[in-house]
Amino acid sequence: YLQLPADLTKMHLTDNPHPQVTHVPSSQSGCSIASDSGSSSLSDIYQATESEMGDVDLTGLPEAPVDSEDEEEEEDEDIDRTSDPLLGRDVVRECLEKEPADKTDDDIEQLLEFMHQLPAFANMTMSVRRELCSVMIFEVVEQAGAIILEDGQELDSWYVILNGTVEITYPDGKSESLCMGNSFGITPSLDKQYMSGVVRTKVDDCQFVCIAQQDYWRILNHMEKNTHKVEEEGEIVMVKEHRELDRSGTRKGHIVIKATPERLIMHLIEEHSIVDPTYIEDFLLTYRTFLTSPLEVGNKLLEWFTVDSLRDKVTRVVLLWVNNHFNDFEGDPAMTRFLEEFEKNLEDTKMKGHLRLLNIACAAKAKWRQITLQKPSRDSPLFFSLLGGSDKGFGIFVETVEVGSKAAEAGLKRGDQV
């Protein structure tokens with residue numbers, strides 16, 4: 001898994017998110033997180049058995065496009081794309097070259113898809129990125145060594161590098177290079193600002209997008225209307241962004257963009273808006289980057305299971321967890337015990353439909369393995385017991401394994417089917 005920005009675990013809120021020169025590692029580029037293509041939904045399991053949970057839409061992810069078989073025909077095109085690291089697709093370049101007033105909604109969406117990958121836009125909300133894409137202007141400096149900004153020159157724009165490299169030489173003689181995705185220029189303020197140092201291109205064909213000072217200040221300082229901050233004991237523990245997915249206004253709501261680990265766990269059982277329907281799947285895919293142990297989630301789920309109003313939500317989380325990331329349980333004895341305790345809770349509360357779903361998910365995701373037990377004599381105990389058989393009407397399963405025994409050391413576990 002790629003390392004995610006540190007602000008997913010700790011709140012770093014500032015009124016000035018972009019200093020004059022911003023350096024953000026490529027690993028912190030702002031990409032939207034989605035469930036991995038290897039995870040599957042529970043729809044097949046729901047169809048395989050009767051359940052008490054009702055209909056739930058858990059369809060899988062769309063398939064990715066397949067490359068053309070005619071590789072020779074596309075070879076020249078691939079060379080052209082690699083020689084133009086700015087865009088990769090001509091359509092984005094066409095969108096950039098349009099005047100702001102001429103950009104359509106489709107143009108802005110194309111630009112938004114490209115810009116959100118750049119570090120300069122990483123810590124911005126989706127609505128801010130969209131507004132910036134609608135007013136940005138495309139500029140090209142063809143020659144290396146060309147001066148873009150002089151020392152002491154009044155600044156009027158914020159620049160983001162899309163292609164090439166620029167060098168900033170400061171008055172004290174120090175210099176640094178900025179490459180694709182880095183930004184320089186004004187801060188979000190209407191005060192007069194002046195360049196400290198000289199900015200010049202280091203290579204040919206340097207390409208930028210520029211946002212005028214008035215627009216940059218207006219957009220970044222009006223972002224508060226699209227965000228909602230949740231505070232507890234005077235501390236901000238969660239920030240949500242308001243989004244609209246269509247022009248009709250019927251698909252709108254808040255989506256979580258940052259929070260403390262404790263608040264992210266709590267949000268698993270809260271109501272999710274129509275614009276954030278995959279929060280649970282996304283959390284289960286990414287929690288490893290900001291939690292030290294999955295038991296932090298498991299223990300809270302067991303605690304919430306005792307609350308009648310939360311029981312169905314907790315069960316849904318566990319079923320998705322087992323179905324999409326069974327390795328979290330199969331390779332961790334503590335998580336295996338969590339699963340056994342959760343199974344017992346389902347039995348005690350007579351949630352038979354959910355229990356069947358859990359058993360089917362475990363059976364479908366478990367891996368085959370071979371275990372060899374050596375007995376010193378024929379009469380030595382096995383240290384485990386079995387349940388089932390033809391007289392019971394179902395398969396043979398391991399019912400109990402003695403803790404600390406040779407069977408346990410060999411890897412035999414309760415619930416294993418022989």
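**Entry 1: the four-stranded sheet**

I began with an open sheet of four strands in this predicted model. Reading across, I noted the order β3-β8-β5-β6, and the pairing is antiparallel. I then looked at the edges: β3 (147–149) and β6 (175–178) each have a single partner strand, so one side of each is left without a neighbour in the sheet. Averaged with direction ignored, neighbouring strands here are turned by 30° against each other.

As a reminder to myself, strands of a sheet pair through backbone hydrogen bonds, in either a parallel or an antiparallel way.

**Entry 2: strand by strand**

I went through the pairs one at a time, starting from the β3 edge.

- β3 meets β8 (residues 198–201) in the antiparallel sense, with two bridges. Here I found L149 opposite V199 of β8.
- β8 also pairs with β5, again antiparallel, over four bridges. The bridge partner of E167 in β8 is R200.
- β5 (residues 166–169) pairs with β6 over four bridges, antiparallel as well. On this side E167 stands opposite S177 in β6.

What does E167 face in β8 and in β6? I wrote down R200 as its bridge partner in β8 and S177 as the residue opposite in β6.

**Entry 3: helix α8**

Next I asked how many of the residues of helix α8 (residues 279–286) are buried. The count is eight of the eight, so the helix is largely enclosed by the rest of the structure. The buried residues include the acidic pair E281 and D282, and also Y279, I280, F283, L284, L285 and T286.

What covers the buried residues of α8? I found that the cover includes the strand β12 (252–259) and the helices α7 (261–266), α9 (295–305) and α10 (311–324).

**Entry 4: two positive phi values**

I checked the backbone torsions with the usual rule in mind: most residues other than glycine have a negative phi.

D205 has a positive phi of about 55° although it is not a glycine. D205 sits in the loop between β8 and β9 (206–212). At 33% relative accessibility, I list D205 as partly exposed.

K350 is another non-glycine residue with a positive phi, near 55°. I located K350 in the loop between α12 (333–348) and α13 (352–365). Is K350 buried or exposed? With 62% relative accessibility, K350 counts as exposed, because the cut-off for that class is over 50%.

**Entry 5: the second largest pocket**

I then turned to the second largest pocket, which holds about 1,300 Å³ of space. Its lining has 35 residues, and those nearest the centre are F397, R414, G415, D416 and Q417. The elements giving two or more residues to this lining are α11 (327–330), α12, α13, β13 (384–389) and β14 (394–401).

Which element gives the largest share of the lining of the second largest pocket? That is α13, with seven residues. Helix α13 also bounds the loop that holds K350.

**Entry 6: the whole chain**

To finish, I looked up the overall numbers. The protein chain has 14 helices and 14 strands. Of its 418 residues, 40% count as buried. The chain exposes about 24,300 Å², and carbon and sulfur atoms supply 48% of that area. For contacts with a separation of 6 or more, I noted that residues 24 or more positions apart account for 64%.

Notes
Residues numbered from 1 in each chain as written. Predicted model: local features only at pLDDT ≥ 70, side-chain atom pairs only at ≥ 80, totals over all residues. Heavy atoms only, no water. Pairing = 2+ DSSP bridges. Axes fitted to C-alpha atoms, helices over the stretch in contact; angles between N-to-C directions. Buried < 20%, exposed > 50% of the residue type's maximum accessible area, 1.4 Å probe, protein only. Contact = heavy atoms within 4.5 Å. Areas by Shrake-Rupley, 256 points an atom, 1.4 Å probe, with all protein chains shown as cover. 1 Å grid on protein atoms, 1.4 Å probe; cavity = no way out; pocket = protein on both sides within 12 Å on 5 of 7 lines; lining within 4 Å. Points joined across faces, edges and corners; volume = space filled by probe spheres on them.
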